[in-house]
Each structure stands twice: as C-alpha cells, then as structure tokens.
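Student: Could you take a close look at one single part of this model for me and explain it step by step? I would like to understand how that part is built and what its side chains pair with.

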Amino acid sequence: MADASPFPSHPFDDDKLREECGVFGIFGSQDATAHTALGLHALQHRGQEAAGITAFDGNEFHTKRVLGHVADNFTNQSVIDSLPGHTAIGHVRYSTTGDTVLRNCQPLFAEFASGGFAVAHNGNLTNAAHVRKSLVQRGSIFQSTSDTEVIIHLIATSRFRTLMERIIDTLRQLEGAYSLVALTREGLIGVRDPLGVRPLVLGKLDKSYIMCSETCALDIIGAEYVRDVEPGELIVITDEGIQSSKPFPEEKARPCIFEHVYFARPDSYMNSMSVYEVRKRIGAELARENSIEADLVIPVPDSGTPAAIGYAQESGIPFELGIIRNHYVGRTFIEPSDQIRHFGVKLKHNANRWHIEGKRIILVDDSIVRGTTSMKIVTMMREAGAREVHMRIASPPTAHSCFYGVDTPERGKLLAARMNVDAMREHINADSLSFLSIDGLYRAVNQPKGRDNNTPAYCDACFTGDYPTFLTDQSEDDQKSPQLDMITPISA
C-alpha cells in the first residue's frame, strides 16, 4: 500500500499495523481546549498525520484542523485562545490510501436545522460506500472522502424529529466499528458500536466529564478513570448530568484484541486490564510455547519491550537492550538519496554490538506484517556478530486484513497470507521463527481456556479471518481489495 502521507514513515516503522484514530471529548471545563490538546498529545500514537479540535463557547462553534503533530500546532496560547468554550472534542488520525488533506481531517462539522454538530470518529464503517451511494442518489453533496461524513448526512436526512432520535436512527444503519464523540449546543455525546470493537472510556476531572480512546489521555490531565463506555452504549452529558442508554439490540462484545498486542499505549488500561501487564503475560505465554536455548532476550523497540520482559522472566534468559533507538529522529528527518538509503534503519535504531557479538539471541517483536522490518532487524543482528538469531512474535500470524479502522495492507501483501512459518523464517533469514498461538493470546487476556471458537471474546479477524460484522463494501469472493478507511475515496 503506497504511503500518500506528506510525513514519510521511517524504513524501520513502515511494517507495523497502525491504529488510524484517537478521539477525546470534554464537557464542563473552563480549560476545555487546553485539556483536549493535552489529551490528543497522549493519544498521538493512534494517529500522527493530522489533528483537530472543535470547541463550543455557548454561542458559536470554533474549529481548527491541521496536518501534523499535536505538539506542533496546539501548544501556542494564541491557538488555545482562538478555540474558546467549556466543551470541546478532538481527533488525531493516520491516512492510508487516500490523500492527507484538510478536508478529510476531523472533527467534521455541520449546521443542522437544530444547530451545529461536530463529530470525531475512531473506527471504520464497512457499509459506508453502499450508504454513500444511496445518499448521493438522493441528492446529498459530500465535501470529503471520509466515511465519517456518511454519519452527518444520515443524521441530516433522517425523518425522526429530535436530534437524539436521528442519531440513533443513523447508527442503526451502520455496519462495522465506531467509537464516536460528538458536540452539540446542548452537550457532549459519546457512543460505542454494539460489539465494542474500538475502545472508549469515561473519565472525570473535578466537575468535568471526559470520553476518550484510552486512559493515558485521562492521566495526562489528572483526570479519574470512571469506567469503559460499554459496547452499544450511548452517553449524553449536559448541564443536567449524564444520561446513558443502550438503543441497539444486545450482542456479545468483540473488542479488538490487537489493542492489547500493539495499538494501545502500555500505560493505558483496556477492558479493565493493564496493557503493560497483558503484554508481559503475552511474553510469558510465548516463552512457554516456544522455548529455545539462547544467551539473551532482546526486544524490538519499542513495541516488543514488555513482551520481551515477560519472555525473559518466564524463560530465565537474561534480558538486554540489544537494539538502541534514537528517539530524536522525527518522521521528516531526512529524505535519503538512493545512494545512502540502505543506511535508513540506523537513523533510528542501531545494534548494541558489545552485548550481541558471539551470542545466541532471541528477538521479540509484536507482529510480522510484510516482513520487511524483520529482515532488516535480523540482518542488523548478524552484522553485529550474533551467532544465532531466533525470532519470537508476540501474536499469531497476521494473515487477514482489518476492515475496522486499522491501516493494514491488502491481504496479498501480508507475509503470513502467502507463506507458512518455515517459509517466513527463510524469508527473513532467521535461525528459527515462532508465533504465539491464538489460545496463548487469549490466555494472556484472562481467557484461561483459550479461544472459544463458538463465541470468541474478542475481534481477532486479523489472525483468524473471523469477521464479526457484515462486510457489505467488500466482495464476498475478493477479500484482497483494500479496506475502505477513514479517507479512502469512495466511488459514487
């Protein structure tokens, strides 16, 4: 999948699955915009190409949307002052195959007959193209190529009377995954899809209430974590207080299991569990399932570190930082010429040769996507003098594309969709390669019996191909087509 971003990814980072968005909303704070900016900064890992904030001051809505990082655009006091109000929502995002342009940045805003409405969305609607085609035929005029805009048009054209009835009517027409925060003249709205695929939590700061993608966004402003927003729950926060309802038929929850493997920040709580502790348990399961004699356990920074700690503790093999990451190199640091492009990995990572030379090492990483990064890492270790290089992956093979708001390549570009494990080992030139089993992953997230094939507790479609919703926009016989994401152009 081509990278259309003006912020080119580094060669060491271009082989990771990326969560596309993070959302934050706060009601009842004199510092609503400043708190939103800080919350988005904590969620920056969920989207690093664009950010936006919409605030409401009691009379008018104020919006600023930008390309780039939160810290580069929302730390100046004059910017914060230009977004006055006691209520605000914000969004950070990645792009995939579409253009990174301001018209696709969120929050999206519309003026309904009932007043202004702003919305920020984390997830992906798997019937957006189908719904959009119907809306265009009925006369809707779209201003962006975002599937989120479908939500606005459905609300605007709903025949129900009140805004809340229109929102519920709209959500009942959607398929796929969504966690939304929305802003109206009356207050803040948050909603999570009936399966709870994408995360959303509720927090409190003094008399203010917050809804956001992860608890780390609460920590940064000193807010208290109250609870997760439940799958299928719609929360409305106004001056009258909090109202909660569940307007959808109840379904068994299927939150994304890859949040625990990679997406979420390790200091967040997800599904009432510490992400960091889960990742250590993942590493311990990996060691029990795939032990081998070696001298060192080395994490692939930074995402492999907690699992590598768990692996080392369980196996008794010493843990060392055999790869050192340069955290001062930004995504726009350099556009290398062809002549020096092969030095790209060392811009951000370098082998700690003193620890590696002559050793049998176990590299622990969270996943293998295309396999390009794993090849580079193994090569780096061998050039540093490693005697043996064994790769251990803290998740099952990623063999299927995600259609629920994650930037994944077409299935044909996923290494595990084209090769068995031994062929993958040979491809990346490792002495051995093993993945965590799907049952081992479930045990790490407190499902001691492993995966229940009849009623799995998580969405694990990227590993199993078991998609928990209809994929209306995907041909039944062609799952290789690119996902319809937050900004993929949609044919009318």
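Tutor: Let us start with the whole chain, where residues 24 or more positions apart account for 70% of the contacts with a separation of 6 or more, a contact meaning heavy atoms within 4.5 Å. Please keep in mind that this is a predicted model, in which local features need pLDDT of at least 70 and side-chain atom pairs count only at pLDDT 80 or more, while totals for chains, interfaces and linings use all residues. Residues are numbered from 1 along each chain as its sequence is written, and side-chain values use heavy atoms, with hydrogens and water left out.

The protein chain has 17 helices and 23 strands, which are DSSP runs numbered from the N terminus, with at least four residues (H or I) for a helix and at least two (E) for a strand. Of its 492 residues, 59% are buried, where buried stands for under 20% relative accessible area, exposed for over 50%, and partly exposed for anything in between, computed with a 1.4 Å probe and protein chains only.

The part I have chosen is helix H9, which covers residues 275-289. The expected span of a helix is 1.5 Å times one less than its number of residues, so the 15 residues of H9 should span 21 Å, and this agrees with its end C-alpha atoms, which are 21 Å apart. Its buried residues are Val 275, Val 278, Arg 279, Lys 280, Ile 282, Gly 283, Ala 284, Glu 285, Leu 286 and Ala 287, a list in which charged residues such as Lys 280 and Glu 285 stand beside Val 278 and Leu 286.

Now for the charged side chains. Side chains of opposite charge can pair when their charged atoms come close. The structure holds 20 salt bridges, each being a side-chain nitrogen of Lys or Arg within 4 Å of a carboxyl oxygen of Asp or Glu. One of them joins Glu 277 to Lys 280, with the closest N and O atoms 3.8 Å apart. Because these two residues are three residues apart in helix H9, about one helical turn separates them. An α-helix has 3.6 residues a turn, so residues three or four places apart point the same way. Glu 277 has a relative accessible area of 35% and is therefore partly exposed, whereas Lys 280, at 18%, is buried.

Next, consider Glu 289, which forms a salt bridge with Arg 443, the closest N and O atoms being 2.9 Å apart. This pair links distant parts of the chain, because Glu 289 belongs to helix H9 and Arg 443 to helix H16 (residues 438-444), and the two are 154 residues apart. In terms of cover, Glu 289 is partly exposed, with a relative accessible area of 28%, and Arg 443, at 30% relative accessibility, counts as partly exposed too. Salt bridges that share partners bring Glu 285, Arg 288, Glu 289, Glu 314 and Arg 443 together into one network.

To put the pieces together, helix H9 has ten residues whose names you can read off as buried, among them Ile 282 and Ala 284; within H9, Glu 277 pairs with Lys 280, while Glu 289 pairs with Arg 443.
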